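Work through the exercises below with the sequence and the coordinates open. Each task is followed by its solution in steps.

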Amino acid sequence: MSVRSAGSARADLVADTALALLAERGMRGLTHRAVDVAAGLPQGSTSNVARTRQALLELAVRRLADREARVLALHEMPDPAAGTQSLVDALALATHRALTRNRELTLARYELALEATRRPELRAYFDAAGARFRDQVVALVTALGSTDPQRHALSLIAWADGLMFSCVAGSYSARVPDLAALRESLRELLAGMTGS
């Protein structure tokens with residue numbers, strides 16, 4: 001293994017452990033020492049990868065974006081020209097994965113999002129990392145025939161974020177909707193946007 005790939009693997013381990021700690025203990029439970037212990041690394045290892053708390057949070061945001069990109073698989077979304085139903089199916093599956101198999105990742109995202117409201121330097125970093133998702137959603141609703149893609153993308157993202165928050169941290173945390181319910185909700189939402 002090259003020095004670069006060893007360093008990259010160490011950074012991924014630190015970031016993944018930071019995300020797990022955020023989901024398990026919240027922002028107050030995320031320290032350099034806690035990452036070292038949870039990852040089974042020698043004391044000081046996390047500081048070698050991310051010297052400051054800000055650097056550790058940025059590393060976590062970067063890794064979160066990479067991992068969520070794989071969970072949501074927006075790059076694998078069907079061509080909207082093929083019809084709304086295949087897109088509904090793919091979006092419902094991506095949302096369901098975020099609510100079930102990747103619940104901890106979603107919790108970590110909310111912890112980082114809330115922390116970003118108090119740290120302008122993290123806010124800029126968090127927003128930049130999220131822009132790639134937002135841009136892909138704008139492209140999807142544009143291809144579906146939206147007459148107001150920015151507004152419709154915001155509505156779709158707000159629906160998904162609200163649903164995920166309610167089911168992961170809110171009053172619906174004990175009742176994750178099944179795929180059929182997610183499909184129906186998405187079908188209704190997209191029909192309202194596109195008039196189809």
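**Exercise 1.** Find the residues in contact with Val137, leaving aside its neighbours within four places in sequence.

Solution. Take contact as heavy atoms within 4.5 Å. With neighbours within four places in sequence set aside, Val137 is in contact with Ala153, Leu156 and Ile157. Next, place the residue: Val137 belongs to helix α7, where helices (H or I, at least four residues) are DSSP runs numbered from the N terminus. Then check its accessibility: Val137 has a relative accessible area of 9% and is therefore buried; buried means under 20%, exposed over 50% and partly exposed in between, with a 1.4 Å probe and protein chains only. Last, take a distance along the chain: Val137 and Pro149 are 12 residues apart, and their C-alpha atoms are separated by 8.7 Å.

The model is predicted: local features need pLDDT of at least 70, side-chain atom pairs count only at pLDDT 80 or more, and totals for chains, interfaces and linings use all residues. Residues are numbered from 1 along each chain as its sequence is written, and side-chain values use heavy atoms, with hydrogens and water left out.

**Exercise 2.** Describe the span of α8 and determine why its buried residues are on the same side.

Solution. Start with the length: α8 covers residues 149–168, 20 residues in all, and reaches 28 Å from its first C-alpha to its last. This is close to the expected 28 Å, the expected span being 1.5 Å times one less than the number of residues. Now list the buried residues: His152, Ala153, Leu156, Trp159, Ala160, Leu163, Met164, Cys167 and Val168. They are on the same side of α8 because they cover an arc of only 140° around the axis, the arc being that of the directions from the helix axis to the C-beta atoms. The face turned away from the buried side of α8 carries the exposed residues Gln150 and Leu154. Finally, identify the cover: α5 (84–99), α6, α7 (120–143) and α9 (179–194) are among the elements over the buried residues of α8.

**Exercise 3.** Which residues touch the most other members of the largest nonpolar core?

Solution. A nonpolar core is a set of buried Ala, Val, Leu, Ile, Met, Phe, Trp, Tyr and Cys residues joined through side-chain atoms within 4.5 Å. The largest has 31 residues, and Leu19, Leu22, Leu30, Val35, Leu56, Leu112 and Phe126 touch the most other members. At least two residues of this core come from each of α1 (3–25), α2 (32–39), α4 (53–72), α6 and α7. The largest share, eight residues, is supplied by α4. A second, separate core of 29 residues includes Ala90, Tyr110, Val137 and Met164.

Take Val35 as a case: this residue is in helix α2 and counts as buried because its relative accessibility is 0%. Beyond four places in sequence, Val35 touches Val14, Thr17, Ala18, Leu21, Leu30, Thr46 and Leu56.

**Exercise 4.** Where is the confidence of the protein lowest, and where is it highest?

Solution. Use pLDDT, the predictor's confidence in each residue, from 0 to 100. The protein has a mean pLDDT of 90, and 96% of its residues reach 70 or more. Confidence is lowest in α5, at a mean of 87, and highest in α2, at 98.
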